[in-house]
Amino acid sequence: MNLPPKVRQKTFGGIFMSKPLSLEKKLRVVALYERGYGVSTISQQLSISKSHTARIVNRYLRYGNSGLERLPTKQFSVSFKQAVVSSVLKKCLSFEQVALQYQISPSAVYTWVCQVKAGSCESLSDIQPRGRPPKDMGRPKKRAPQTE
């Protein structure tokens, strides 16, 4: 068994502070999988969670090397979101399966399904501005006294 050594992750208050995996590390996961190692063995040796390792392997099996690249950040239409949510709710598919099918992140699928369950399909169209709101620039300026 010729596996690379374990890599310690930095912790902050007990929470793992992990960076997104590089393409080289994802290729290493795939190479070990193709050699016959299981997902749990790979995840232990490379210090990656089992679910993340399984997601990497599934994306590789479905899309090849292009499935290992980072997904682009994009705005989705309301009809696309509704199609994704309906495939989760009506076809009883998991978030991972739907994310793999539509090439989006599982967290986006989860967020959209929660929005629909909490409100309605109209809640998918609510687009909130991204980023921090603009800061109020201190106290207002003094006005010149008005005389008549």
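## A walk through the helices and their core

The protein chain has six helices and two strands. This is a predicted model. Read from the N terminus, the elements run β-β-α-α-α-α-α-α. The chain has 148 residues, and 24% of them count as buried. Its accessible surface comes to about 11,700 Å². Carbon and sulfur atoms hold 53% of that surface. Among contacts with a separation of 6 or more, 58% join residues 24 or more positions apart.

Start with the core. The largest nonpolar core has twelve residues. They are Val84, Val85, Val88, Val98, Ala99, Ile104, Ala108, Val109, Trp112, Val113, Val116 and Leu124. Three helices each supply at least two of these residues: H4 (78-89), H5 (95-102) and H6 (106-118). H6 gives the most, with five residues. Apart from this core lies another, of eleven residues. Leu21, Tyr37, Ile48 and Ile56 are among them.

Now take the three helices in turn. H4 has twelve residues, which should span 16 Å at 1.5 Å a residue. Its end C-alpha atoms are 16 Å apart, which agrees. Which residues of H4 are buried? They are Lys81, Val84, Val85, Ser87 and Val88. Seen down the axis of H4, these residues fall within an arc of 160°, so they line one face of the helix. An α-helix has 3.6 residues a turn, so residues three or four places apart point the same way. The buried residues of H4 pack against H5 and H6.

H5 comes next. Its buried residues are Val98, Ala99 and Leu100. What covers them includes H3, H4 and H6. Two of these names are already familiar from the core: H4 and H6 each supply at least two of its residues.

H6 has 13 residues. From its first C-alpha to its last it reaches 18 Å, close to the 18 Å expected at 1.5 Å a residue. Pro106, Ala108, Val109, Trp112, Val113 and Val116 are its buried residues. They cover an arc of only 160° around the axis, which puts them on the same side of H6. The cover over them includes helix H3 (50-63), H4 and H5.

Some core residues deserve a closer look. Ile104 has its place in the loop between H5 and H6. Is Ile104 buried or exposed? Its relative accessible area is 4%, so Ile104 is buried. Leaving out residues up to four places away in sequence, Ile104 touches Arg59, Leu71, Phe76, Phe80, Val84, Ala99, Val109 and Trp112. Val84, Ala99, Val109 and Trp112 are also listed in the largest core. The chain also brings Thr73 toward this region: the C-alpha atoms of Ile104 and Thr73 are separated by 9.3 Å. Along the chain, these two residues are 31 residues apart.

Leu124 is another member of the largest core. Which residues does Leu124 contact, leaving aside neighbours within four places in sequence? They are Val78, Lys81, Gln82, Val85, Trp112, Gln115 and Val116.

Helix H3 holds a buried residue of its own to visit. Thr53 lies in H3. At 0% relative accessibility, Thr53 counts as buried. Outside residues up to four places away in sequence, Thr53 touches Val29, Val39, Ile42, Ser43 and Ile48. Ile48 is one of the eleven residues in the other core.

The loops bring two unusual backbone angles. Most residues other than glycine have a negative phi. Cys92 has a positive phi, near 55°, and is not a glycine. Cys92 lies in the loop between H4 and H5. Its relative accessible area is 66%, so Cys92 is exposed. Gln103 also departs from the pattern, with a positive phi of about 55°. Gln103 follows H5, in the loop between H5 and H6. At a relative accessible area of 35%, Gln103 is partly exposed.

Cysteines close the tour. Cys114 counts as partly exposed, at 31% relative accessibility. Cys92, by contrast, is exposed. A disulfide is a covalent bond between the sulfur atoms of two cysteines. How many disulfides does the structure hold? It holds zero.

Definitions and conventions
Residues numbered from 1 in each chain as written. Predicted model: local features only at pLDDT ≥ 70, side-chain atom pairs only at ≥ 80, totals over all residues. Heavy atoms only, no water. Core = buried A, V, L, I, M, F, W, Y, C linked by side-chain atoms within 4.5 Å. Buried < 20%, exposed > 50% of the residue type's maximum accessible area, 1.4 Å probe, protein only. Helix = DSSP H or I, 4+ residues; strand = E, 2+ residues; numbered from the N terminus. Contact = heavy atoms within 4.5 Å. Expected span 1.5 Å × (residues − 1). Arc of directions from axis to C-beta. Disulfide = S-S within 2.5 Å. Areas by Shrake-Rupley, 256 points an atom, 1.4 Å probe, with all protein chains shown as cover.
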